[in-house]
Amino acid sequence: MIRGTTSTGFTFEVNEGIRTDWRFVRALSDIESSDDTKVLAGTTALVELLVGADGEKRLCDHIKTDEGLIPLKALMAEIAEIIKALRNDVKNS
C-alpha cells in the first residue's frame, strides 16, 4: 500500500498494484482525451479506483466549498497528487 497526504491535507491509501490494472491505464488515457464524455468517465473511474467509495466521500467533503459545491479543478488536483505519489513510488522501488 502507498500511503500519503496531499498538499491540502487529504490522506490516502492506494494499492500499488493499481498501476498495472487495465482499468487504471484506460482511465488515465480517457482523462487526456479531447472528448469531454471520455474525460468525465475517466475522472470518475480514477476516483473510484484510487480512493474507493468511502474515499470519494471523504475527498468530496475535504474539497467542498462553503457553498456546498465540489469543484472539479480541486478534485483533479487531488487526484493528480495521488497519481504523482504512485509514480514516485515506482521510482523509489
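**View 1. Arg23, a partly exposed partner of Asp21.** Arg23 has a relative accessible area of 45% and is therefore partly exposed, a class that lies between buried (under 20% relative accessible area) and exposed (over 50%), computed with a 1.4 Å probe on protein chains only. Arg23 forms a salt bridge with Asp21, their closest N and O atoms being 2.7 Å apart; a salt bridge here is a side-chain nitrogen of Lys or Arg within 4 Å of a carboxyl oxygen of Asp or Glu. The structure holds 4 salt bridges. This is a predicted model, in which local features need pLDDT of at least 70 and side-chain atom pairs count only at pLDDT 80 or more, while totals for chains, interfaces and linings use all residues. Residues are numbered from 1 along each chain as its sequence is written, and side-chain values use heavy atoms, with hydrogens and water left out.

**View 2. Lys57 and Asp61 in helix H2.** Both residues lie in helix H2 (residues 36–63), where 4 residues, about one turn of the helix, separate Lys57 from Asp61; helices (H or I, at least four residues) are DSSP runs numbered from the N terminus. Their side chains meet in a salt bridge with an N to O distance of 3.0 Å. Lys57 is exposed, at a relative accessible area of 55%, whereas Asp61 counts as partly exposed, at 41% relative accessibility.

**View 3. Asp61 and Lys64 in a salt-bridge network.** Asp61 also forms a salt bridge with Lys64, and the closest N and O atoms of this pair are 3.6 Å apart. Lys64 counts as partly exposed, at 41% relative accessibility. Lys57, Asp61 and Lys64 are thus linked in a network of salt bridges.

How values were computed:
Helix = DSSP H or I, 4+ residues; strand = E, 2+ residues; numbered from the N terminus.
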